[in-house]
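Hi,

Here is the structure I promised to pass on to you. Have a look at it first, and then read on for what turned up.

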Amino acid sequence: MRVMLDQFAADYSASEQKLRGLEDDQSSIHYPTVFLFIGDEVEQAIEPMIRSNELKWDNNAGVIYLHISSGEGDASTEQGKQTNPATADREAGNSGSAAKVIRVPLTGLTKAKGDNKAVRKDIAVSFREEGRCLVALNRALRLVSDTIADYGRLYASFDRLHLAVITRVDDPMNVLVPEISLLAQSIFLQLFKSVQMDLYALINEREQSETFGYAGAAGIGFLRELEGMQQLDYSYSANLQVTSDGLTIPVVHKHSPLFDLVYILSDRNERGMTTLNGMLDNYEIICHILLLKNRKRTDAQIQSNDGSYNNSSFRNSLISESGRQGFVSAGLAKVKRPAYSIALTVLYHFFEQLAARLKTMPELASKEKLAFFGLDAEAMEARIAQIVPSEDNLVDMAGLLTNGIRFDQLRRMSLQEAEEAVFGDGCEAFFRKHFADAAAMRLGERKPMDELRRIISRNRKEQPQVSFYQVSEWTDENEPGSALNAVHARIRDLVREAGLAQEELERTRESRVEDLKFQRLPFMDKQNLRSFIRVFFDKVYRLKWQLLQTETELALYRRFARELEQLHEEYRKSVKQMDELGVELKAAALQSIRTADDYIGQNIYEYYERVTEGIMQDIEEKRGASAFFEERFVGSVSELLEQGDSVLLARLIDVCRKQLLTAEPFAHPFEEELLLRANVSVAYSNRKALTREELFRQLYHTLEDNASINIRLLDYTHEHRSEEKYLFGDRESEFIRYALGVDETSRIYKLGCVHEKRSSGALKLNLMGGFHLEDLMYYRNGKVYYETYLQNGYEFHVLDPAHLPKLR
């Protein structure tokens with residue numbers, strides 16, 4: 001059941017995110033952009049970044065994704081094939097997107113697996129010695145350049161190219177970052193006036209058992225090289241460009257940092273906690289940073305003072321007094337409609353409303369409840385008439401043979417003695433055979449449970465307002481006014497009636513013959529005997545027949561009582577199933593509200609209780625009071641319960657998804673939905689609903705808390721910290737206006753807004769820069785491994801370590 005609930009809520013959340021994302025205004029990037037992925041470990045970043053850009057950039061079709069890998073594990077991929085124009089395939093996993101993904105596997109750069117003591121160095125040496133790798137890279141980069149030119153019409157300007165280089169710090173292929181980056185820059189400069197090149201270094205701090213220690217050492221090795229690349233006097237020269245005739249052309253970089261900015265992003269934030277979605281958060285951060293740096297602004301936005309991002313200003317703020325440029329990290333937080341929590345909350349309230357409708361019914365009198373089960377007086381009389389032979393059949397006893405005794409001999413006898421004297425045991429035998437035994441046989445042939453089930457089924461169809469809740473209640477002996485209690489009362493009455501009838505019969509049989517009132521004729525003994533017999537039967541056996549009728553009714557009621565108790569257990573099981581399902585649904589809803597990390601969860605329960613009730617009432621007004629119990633909606637709840645809780649839950653989910661969650665109240669954009677929830681009236685004193693101001697304040701703090709940077713530093717004080725924060729959302733919305741003004745006079749950082757018409761929510765991107773390698777917790781922890789591996793013969797660099805920046 002939990003799996004079904006999670007799947008339902010996750011599916012709704014995903015569909016809502018996709019729908020709302022399509023409704024949002026898409027931004028445009030100003031200059032062409034290329035994502036350059038270096039290494040095998042970053043391949044998993046390509047598809048998520050494609051999806052993110054497709055959703056947010058309206059000119060994403062011209063974006064190129066170039067992946068340089070070792071080719072290990074992909075034996076079917078040939079280098080020549082992959083750098084052919086045919087490989088600029090329109091692929092993005094299974095998304096069917098038009099993204100341009102060009103893959104270049106540089107196979108053969110590494111030695112046999114198992115020897116990793118010098119794997120980074122071997123890759124660098126092999127790259128320089130294997131001319132085919134340079135040829136493949138040159139072809140692929142020129143293909144990228146030609147493809148960008150084909151899509152030039154999508155961009156506002158073609159003067160500059162944004163090149164985002166992405167790698168994992170522990171990937172050995174990153175030893176080629178300078179060569180690949182400079183080659184790409186040199187080729188792209190043949191088409192563009194300038195190339196702005198940034199590096200995004202990803203750190204996976206979750207320890208892997210197979211690479212424990214070595215991954216940290218390799219990561220520190222790359223970061224040490226990276227620090228050298230970012231020095232003011234960094235220079236590089238190599239014959240990297242290759243012509244079609246095999247001639248090489250030098251690529252030269254002189255006395256400046258290699259990258260405009262270097263971003264370091266970990267899967268652990270500055271508090272040391274693993275980020276909610278791991279590396280997926282960092283992929284989205286990269287896309288938003290690119291949008292921030294390269295967003296096309298309208299004329300009105302250019303003229304307005306909206307706190308737009310200024311790359312030069314931010315970069316200059318990272319340079320220390322010594323001229324050393326710091327690194328950058330970032331954090332991203334999103335607030336949106338809590339679709340997951342909404343789905344589970346609406347499902348629970350839908351269930352509760354259905355259960356309330358099943359429980360609600362006008363109070364019936366005891367007689368009407370008995371009639372529902374076919375146990376009212378009229379129905380029972382009809383049954384008794386079918387079971388006990390008719391009273392009229394007593395006349396047949398008049399034909400019994402007598403013993404030839406005279407009436408005068410009977411006069412002083414009791415009726416019991418007179419019966420024995422006249423008939424012996426003939427009367428008893430006759431009555432037993434034709435009345436008592438016949439009644440017992442017919443009673444035994446009856447099937448009270450089948451009768452009850454048949455009657456209940458018929459009456460529930462004729463009275464759909466009666467549900468298993470009422471049947472369970474009416475068959476509960478602990479429930480005052482139940483039908484079962486009425487049956488028990490009738491049983492008690494019949495026991496008393498039978499006892500009185502038995503006493504009357506015994507008194508009658510003990511009375512004397514001479515006390516009977518009937519006409520006696522002198523000297524007419526036979527006539528008097530016949531008159532006596534007629535009165536005797538009428539007096540004694542009519543009482544006996546009545547006693548038989550009472551005892552039969554009593555036995556029948558007792559059988560029905562036992563079956564009602566059995567039915568109660570069955571219907572109580574359905575009630576218990578509903579109760580347990582309700583508890584489960586409520587727990588899931590409340591738990592999802594409590595753990596909604598990306599959104600304030602207050603008022604969700606109260607607000608959507610009323611929304612759900614209103615939608616259901618609208619449907620019932622249009623389609624009838626019992627609309628939800630028709631087959632096109634939920635149908636028979638009891639029949640679904642008989643098939644199992646999961647069957648009922650599946651039907652509830654289906655109706656909820658198709659009929660409730662598609663209603664107008666669920667189409668409100670983020671801000672409107674937030675305000676509606678903020679303003680929900682408080683019906684009970686114990687409900688802690690928030691005002692709009694309180695919701696905005698908590699929402700603002702949630703954004704700030706969740707946008708903590710994705711790197712952990714040692715002692716990085718505010719004195720060195722350079723921060724800029726940007727909101728992505730509708731600048732005219734009440735929440736964005738609140739967020740921009742809440743701490744305007746006291747904030748020590750720059751706060752800007754990327755204006756977008758968004759119905760899905762708001763985002764906050766925090767940029768923090770100015771820290772250095774030695775400020776990283778990752779550096780402190782990995783440095784020990786790095787030095788240990790060096791001392792044990794491992795080689796991480798093609799350069800002499802003496803020419804690298806000193807370890808700090």
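Let's begin with Glu43 and Arg103, which form a salt bridge with their closest N and O atoms 3.5 Å apart. Glu43 sits in the loop between strand S1 (33–38) and helix H2 (46–56), while Arg103 belongs to strand S4 (residues 100–105), so this pair ties together parts that are 60 residues apart in sequence. As for exposure, Glu43 is partly exposed at a relative accessible area of 41%, and Arg103 also counts as partly exposed, at 22%. Do keep in mind that this is a predicted model.

How many salt bridges does a search of the whole structure find? The count is 31. The background is simple: side chains of opposite charge can pair when their charged atoms come close.

Another of these pairs is Arg496 with Asp493, whose side chains meet at 2.6 Å, N to O. Here the partners are three residues apart in helix H19 (residues 483–510), which separates them by about one helical turn. Asp493 is partly exposed, with 28% relative accessibility.

Then there is Arg808, which forms a salt bridge with Glu774; the closest N and O atoms are 3.7 Å apart. Arg808 lies in the segment after helix H27 (777–791) and Glu774 in the loop between strand S13 (761–771) and H27, so parts 34 residues apart in sequence are tied together by this pair. Glu774 comes out as partly exposed, at 24% relative accessibility. This pair also has company: Glu227, Arg324, Glu774 and Arg808 are linked in a network of salt bridges.

Now for the strands. Is S11 (residues 722–729) mostly covered or mostly open? Mostly covered: eight of its eight residues are buried. That goes for both faces, with Ser722, Glu724, Tyr726 and Phe728 buried on one side and Glu723, Lys725, Leu727 and Gly729 buried on the other.

S11 has two pairings worth finding in the viewer. With S13 it pairs in the antiparallel sense over seven bridges, and Glu723 has Met768 as its bridge partner there. With strand S12 (residues 750–755), S11 pairs in the parallel sense over six bridges; in S12, Tyr726 is partnered by Gly752. To get from S11 to S12, the chain crosses through helix H26 (residues 734–741), and this β-α-β crossover is right-handed.

Over to you!

Cheers

Terms used. Residues numbered from 1 in each chain as written. Predicted model: local features only at pLDDT ≥ 70, side-chain atom pairs only at ≥ 80, totals over all residues. Heavy atoms only, no water. Salt bridge = Lys/Arg side-chain N within 4 Å of Asp/Glu carboxyl O. Helix = DSSP H or I, 4+ residues; strand = E, 2+ residues; numbered from the N terminus. Buried < 20%, exposed > 50% of the residue type's maximum accessible area, 1.4 Å probe, protein only. Pairing = 2+ DSSP bridges. Right-handed = clockwise from strand over helix to strand, strands pointing away.
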